[in-house]
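I opened my notebook to a fresh page and went looking around. Come along and follow my entries.

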Amino acid sequence: MESRIVYMDNNATTRMADEVKQILKETEDLYGNGSSMHSLGRNAREAIEWARGEVAVLLGAKPDEIFFNSGATEGNNTVFNTFRDLIDEGGKRNRILLSSVEHPASIESAKYMIGKGYKVETVPVDSSGRLDLDALEKMMGDDVALLSVMVGNNESGAIEPVKEASAIARRYGSYVHADATQAIGKIPVDVNDLDVDYLTLSAHKFYGPKGVGAIYIRTGVPRMPFLHGGHQEEGLRAGTYNTQAIAGLGKAAELARKSVDDERKYLWGLRTMLKEGIAESIPDVVFNGSDEYEKELPGTLNVSFPGAEGESILLYLDLEGIEVSTGSACASGSLEPSYVLLASGLDVELAHGSIRFSLGRYNDEDDVKYVLEKLPPIISRIRAMSTRRI
Ligand code: PMP
């Protein structure tokens, strides 16, 4: 029996690139401690500094503005913790703004702070999931210390107007953080073009290893130790270097820089084929997010199928070897409708029936054809069984 896996959950994580696997092999014997002064230590350090350079070039940053960490969850927590410390120290600016569709790594950091009495507020988004700049302007003030906005949304695929939001924040003297975790490798991301002070990312979203990432911190902006201990990363992030993983991140960054323009077009082509195929073969579907090339991550297609539960669709697709997600992986396991889609004004039933296809470098037209063959009968079957449908 033919068994086929079509992986369309690349926003959850990606398969490692062959080039990344190769560098993991090449660096497996670099067991010296990257902080040691002897040859083995220096060899490891060389690989680490090469990777730092690659991440810096990718982002248009300077190498000494890049700090390695375990990924964007840590990075986003670091940014919120830094501003909590600044407020605790009596900083005059004591308000933080973030978009209502940020990843849980930011939203939960914000909730934690709110629970402790800090002033943290969410800025609404429009129906395509993009930040409402008028609302931001109204909420901004001279008391805002930080604005945090993601570059691309993991669920809807919306590309956020970070540059425009930053221009507003700058007029009030606020610092700006961008969570670029979903954007790296899919669209160009440059810290100076976006005009941000902090930027966070995870290697595994762009074909690198899991559990490693980086935070960009602009020279001269506030920074606090993320982990106390040894003197690694200028004393900000203590802990012995994970040389191999960092080298893997460096290689993934190099590949992302070289392939981003072609990959954006390629993924947009596959997304368009998938979207048109679904629109032609399944009645009554609602596409979430935006349909403009400049406003949507190229590989993300979020679709609601009224009258069909997202979880049922996911499980039936899985039986056919098609791997997708409902809402975000971080929210799965709970049957709560996606807060990201609700924030964009989608009603609860549509949010419940939403599926996120996230295409990646290793998908091709045959994968899309396969999905278009298997999906329509699954939706009909679920709709026929659904008690919600009249
Ligand atoms: N931010 C965004 C936008 C994400 O999509 C993710 C991963 N789903 C994260 C942050 C957290 O990344 P990690 O789980 O690698 O720490």
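Below are my notes on a helix, a ligand site and a few loop residues.

**Before starting.** I reminded myself that this is a predicted model.

**Entry: helix H2.** I began with H2, which runs over residues 39–59 and has 21 residues. I looked up its reach from first C-alpha to last and found 30 Å, close to the 30 Å expected at 1.5 Å a residue.

Next I asked myself which residues of H2 are buried. My list reads Gly 41, Ala 44, Ala 47, Ile 48, Ala 51, Arg 52, Gly 53, Glu 54, Val 55, Ala 56, Leu 58 and Leu 59. I then wanted to know what covers these buried residues. The cover includes three strands, S2 (66–69), S7 (198–202) and S8 (213–217), along with helices H7 (191–194) and H8 (243–281).

I also checked what comes after H2: Gly 60 follows, and its phi is positive, near 70 degrees.

**Entry: the ligand.** I turned to the ligand and found 12 residues around it. Which of them come nearest? I wrote down Thr 73, Asp 179, Ser 202, His 204 and Lys 205. Sorting the shell by character gave me 3 nonpolar, 7 polar and 2 charged residues.

Then I looked up polar side-chain atoms beside the ligand. Thr 73 has one 2.6 Å from a ligand oxygen atom, and Ser 202 has one 2.7 Å from a ligand oxygen atom. For Thr 181, the partner is a nitrogen atom of the ligand, at 3.4 Å. I noted the cover too: the protein hides 87% of the 400 Å² of accessible area that the ligand has on its own.

**Entry: Ser 174.** I found Ser 174 in the loop between helix H6 (162–171) and strand S6 (175–179). Is Ser 174 buried or exposed? Its relative accessibility is 2%, so I put Ser 174 down as buried. Leaving aside neighbours within four places in sequence, I listed its contacts as Arg 93, Met 140, Val 144, Ala 145, Leu 146, Leu 147 and Ala 169.

**Entry: two glutamates.** My last stop was the loop between S8 and H8, where I found Glu 233 and Glu 234. I looked up phi for each. Glu 233 is not a glycine, yet its phi is positive, about 50 degrees. Glu 234 is not a glycine either, and its phi is positive at about 55 degrees. I made a note of the background: most residues other than glycine have a negative phi. I also checked accessibility for Glu 233, which is buried because its relative accessible area is 4%, under the 20% cut-off.

Note on methods. Residues are numbered from 1 along each chain as its sequence is written. This is a predicted model: local features need pLDDT of at least 70, side-chain atom pairs count only at pLDDT 80 or more; totals for chains, interfaces and linings use all residues. Side-chain values use heavy atoms; hydrogens and water are left out. Helices (H or I, at least four residues) and strands (E, at least two) are DSSP runs, numbered from the N terminus. The expected span of a helix is 1.5 Å times one less than its number of residues. Buried means under 20% relative accessible area, exposed over 50%, partly exposed in between (1.4 Å probe, protein chains only). Contact means heavy atoms within 4.5 Å. A residue is near a molecule or strand if one of its heavy atoms lies within 4 Å of it. A polar contact is a pair of N or O atoms within 3.5 Å; within protein, one must be able to donate a hydrogen and the other to accept it, and residues adjacent in sequence count only if both atoms are side-chain atoms. Accessible areas come from the Shrake-Rupley method with a 1.4 Å probe; for residues, only the protein chains shown count as cover. Ala, Val, Leu, Ile, Met, Phe, Trp, Tyr, Cys and Pro count as nonpolar, Asp, Glu, Lys and Arg as charged, and the others, Gly among them, as polar.
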